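Me: I should like to learn how to read a sheet and the helices that accompany it. May we work through an example together?

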Amino acid sequence: MVDSEYVYVPVRPDLRRLPKHISSRLKKNLFTEITSKQLKQFLDGSEFKKAEGTTRKGLFKLSDNGKILMLFWQLEPTHQARKQLYKELVELDLWEKLSGPIRDQIKHILCWAYSSTDLVSALRCIRLLDDDFVPLSTWYLHSHVHPEKIGNDPTALTGHSCYATNTREAFKFMLNHGGVPKERDVEFDCNEDHPADPEPNITINSYLTFDTLEEALAQLRKQPIGASLLEFSELWNLKKDAIYYGPTEADSYLLGYHGVDIVDIQFYNNEVVALCKFSNGTHVGRDGYFRVSLGTRYMMIGCDEKSAETVRPTPTPEPLLCNFIFPVIHETPKPEGEGEGEAEKQELKRKRGEPTHERKRRCTPKRQNLRRRRPFHDHGDKKKKQISG
């Protein structure tokens, strides 16, 4: 989930400068903890200063699959919790209730299609353009965003014709080709053409991106934000009440970048986390959502030449979430009383305790619990090549 610019990726450092028991454990388990003193023995001076110059809690952690070497650590939780932006956001009831049902991409590498369309659908709900969350067609995007890639992505499972790209490419297509239709068949099959839709497409006016987590979280007050999550295998084995920290155990290996939507910021188990909506069904995480640590930082220390095409360089320490993006829609709801059945719609909203004017759609403090909606019926930027959907 990264864009198409190529930048310098550092080569792997010489691990023989590590103590033998550390290098052996790293080779065997793909993971090891390491002290600051040990890290300094093999890491370039300027890179070491970037990592050491943070408010770290605990030891450093190395993750190495023999091709890509990454360094991880945790920031001091109390330092994170004192940030004014985080303090403000955890007091707000943000967008989980308006972000629609959890969908399931199954084994298709199409997180980019689900993430992008769900961001548009949620924004239309927030702006009162739609009364309910309306899923948009991932079939249509798969068929039209990059038709030349259909059946030609080596990262797709055998028998699949789906392909990986990023949320930015999906928004570019929506912007330049008249939007995307509503979803008509939730049982996606990448080997079939998308179902026809007689209604006009749902459109966007533009999209914007952010380079930093802080910029993205400031925008989160207004709408959910798309992001790429650094995806390790242990993510999919987490219990519903767990926090995702990246690699924390032996045999946890890098899968790639997974497209997600940030819908809320929470203070959970004494630390600040991002609640992220996935598109992998309700049987994973907490009913399809994962809590992602905002205190984890990592640096890509080095990789081999072939793998340089699959990773995002980190000139500075980065959080697990990156490549922040969101759609822009200028359309406004019809004035009260305009259009067929408008009065009835407004009366129904009043009965449900919902706002009847866009001005009242602002986030409210969680403790007041004021925002209610009718229940749902069901429940990337440095691209090289995305490994995972």
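Reply: The following turns treat one residue, then the strands, then the helices. This is a predicted model, in which local features need pLDDT of at least 70 and side-chain atom pairs count only at pLDDT 80 or more, while totals for chains, interfaces and linings use all residues. Residues are numbered from 1 along each chain as its sequence is written, and side-chain values use heavy atoms, with hydrogens and water left out.

Me: Is D118 buried or exposed?

Reply: Buried means under 20% relative accessible area, exposed over 50%, and partly exposed in between (1.4 Å probe, protein chains only). D118 counts as buried because its relative accessibility is 4%. D118 belongs to helix 6 (residues 111-126); helices (H or I, at least four residues) and strands (E, at least two) are DSSP runs, numbered from the N terminus.

Me: Which residues does D118 contact, leaving aside neighbours within four places in sequence?

Reply: Contact means heavy atoms within 4.5 Å. Under that restriction, D118 touches R103, F133, D261 and K277. In addition, K277 in strand 9 is the bridge partner of D261.

Me: In what order do the strands of the open sheet lie?

Reply: Two strands pair if DSSP finds at least two bridges between them. The open sheet has 7 strands in the order 5-12-6-8-9-10-7, with mixed pairing. Strand 5 (206-210) and strand 7 (243-244) each have a single partner strand, so one side of each lacks a neighbour in the sheet. Strand 8 runs antiparallel to strand 9 (residues 271-277), with 7 bridges.

Me: Why is strand 8 described as largely enclosed?

Reply: Of the 15 residues of strand 8 (residues 254-268), 13 are buried, so the rest of the structure largely encloses this strand.
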